[in-house]
Amino acid sequence: MSPRIARTEILSGLVVALALIPEAISFSIIAGVDPRVGLFASFTMAIAISFLGGRPAMISAATASIALVVAPLGRDHGLEYLIAAVILGGIIQVVLAVLGVAKLMRFIPRSVMVGFVNALAILIFLAQVPHLTNVSWVVYPLVLSALAIITYFPRLTAAVPAPLVAIVLLTIVTTAFAVAVPTVGDEGKLPQGLPSLLWPGVPFTVDTLRIVFPFALGVALVGLLESLLTAKLVDDITDSHSDKTREAWGQGAANIITGFFGGMGGCAMIGQTMINVKAGRARTRLSTFMAGVFLLVLILVLGDLVAAIPMAALVAVMIYVSWATFDWHSIQLSTLRRMPKSETGVMLTTVGVVVFTHNLAYGVVAGVILASVLFARRVAHLANVEGLPIEGDTRVYKVTGELFFASSNDLFSQFDYAGDPANVIIDMSDSHVWDASTVAALDSIVYKYARHGTTVSIDGLNEASLAIHDRMSGNLGASH
């Protein structure tokens, strides 16, 4: 690695670490735990994933989504149960990775990804609003000044990340002139010592598993979904490929490690990842590793200095990230006019659910379900049955299109059972049988014709369709 690249990675890691501190503290508050739990989770996650993860330059740490999942468990049963859920969630993630869950990413449509990105940008911005309300008027010019530095400083030089320059300059100004504005120190107390290994003090019983498992499953699923989507987003931004399966089990292993160090668990942090790869232009694991190292150094060695950083500087960084993350092209009138209404509907649904629930996983699931339903509805109309003229005692029906549950459920209604001659041929050479619903529909057609004394021949099935038809036909109860 060249010195120039190393400098870029290290400085970007420093910016990420500075932005992680108030985030980790606020997520700890959401989870109802001591700020040290979130900060230690961020440190251990960042360090572990830099070695174990499959997506270089992606930042993993304590997140709001995981905090929301485990908050009820911590509130009702205490920190020990929360830590047990994090460890079990990590184990579940490793198991899911071995089972190939990462391959399911191919089923997430582009419209859902666009909605995910836009919702993410909106959530990042909304998270800054509390820092801009009920504050001194001085905060606003500070935020605007920081945004100006972040925007225009790269025109002077790209040697130092503009967000780092903004943070340093605003800290110097507010400290030198004793400007009374909210600082990082106001967000919560920083820890004074290193995290230590521990074993969750919970009884190893079925009752404990019953309490912990639902939350562990939530940690596993939400964490994997956000991490894999973030990895895909970074792939697109950096024009590179990452190992999603390795990322999945890496996230699980990182959560296990985090749990044994008393952390609250986490997953990929989309906002901080965007700081790293967009604002900091980082591309390697070094930036992720240094983010963890700097985080520990900052909170243990330079705690007093970090506490003096004005929140206005970090708010400006996150607003810039929000602006840069949003896919503005997706809402241009020219794009909306060209885009099918169903695609736009899926994108807006994803955004709406995420913004309403503040949970990226819910929005993605809702978007995928809607996209699947709309796709099935659209494809269903492509199946067609055409009855050819009767020739002697035979009539041929030509079936075209993809036949599955959505397109074959009303297949039986498109035949003239009473009016057809003694022999009927169903020509399937231009169609494909995909599921048991279609086989059951064909069995039903044969049965209905048999009641009228008509013989049916199903011809032209391709090899795959013939295999599924021969295996299931007559065993589905379609005639009842």
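Reader: Hi! At what angle do the axes of helix 8 and helix 9 cross?
Author: Hello! In this predicted model, the axes of helix 8 (residues 206-238) and helix 9 (residues 244-260) cross at roughly 140°. They come within 10 Å of each other.

Reader: So what do I call that, oblique or something else?
Author: Oblique is the word: the crossing angle makes helix 8 oblique to helix 9.

Reader: And is the crossing left-handed or right-handed?
Author: Helix 8 passes helix 9 in a right-handed crossing.

Reader: Cool. Which residues meet there?
Author: From helix 8 you have Leu224, Ser227, Leu228, Ala231, Lys232 and Asp235. Their partners in helix 9 are Lys244, Glu247, Ala248 and Gln251.

Reader: How many of those are nonpolar, polar or charged?
Author: The contact of helix 8 with helix 9 has four nonpolar residues, two polar ones and four charged ones.

Reader: Okay, zooming out. How many helices and strands does the chain have?
Author: There are 19 helices and six strands in the chain.

Reader: What does the C-alpha trace span?
Author: Along its principal axes, the trace spans about 100 × 60 × 45 Å.

Reader: How much of the chain is buried?
Author: Of the 480 residues, 52% are buried.

Reader: And what about the accessible surface?
Author: For the chain, that comes to about 21600 Å². Carbon and sulfur atoms account for 65% of that area.

Reader: Last one! Among contacts between residues at least 6 apart in sequence, what share join residues at least 24 apart?
Author: That share is 84% for this chain.

Definitions and conventions. Residues are numbered from 1 along each chain as its sequence is written. This is a predicted model: local features need pLDDT of at least 70, side-chain atom pairs count only at pLDDT 80 or more; totals for chains, interfaces and linings use all residues. Side-chain values use heavy atoms; hydrogens and water are left out. Axes are lines fitted to C-alpha atoms, for helices over the stretch in contact, and angles run from 0 to 180 degrees between N-to-C directions. Helices (H or I, at least four residues) and strands (E, at least two) are DSSP runs, numbered from the N terminus. Angles under 35 degrees count as roughly parallel, over 145 as roughly antiparallel, 65 to 115 as roughly perpendicular and the rest as oblique. A crossing is left-handed if the near helix is turned anticlockwise from the far one by less than a right angle, and right-handed if clockwise. Contact means heavy atoms within 4.5 Å. Ala, Val, Leu, Ile, Met, Phe, Trp, Tyr, Cys and Pro count as nonpolar, Asp, Glu, Lys and Arg as charged, and the others, Gly among them, as polar. Buried means under 20% relative accessible area, exposed over 50%, partly exposed in between (1.4 Å probe, protein chains only). Accessible areas come from the Shrake-Rupley method with a 1.4 Å probe; for residues, only the protein chains shown count as cover.
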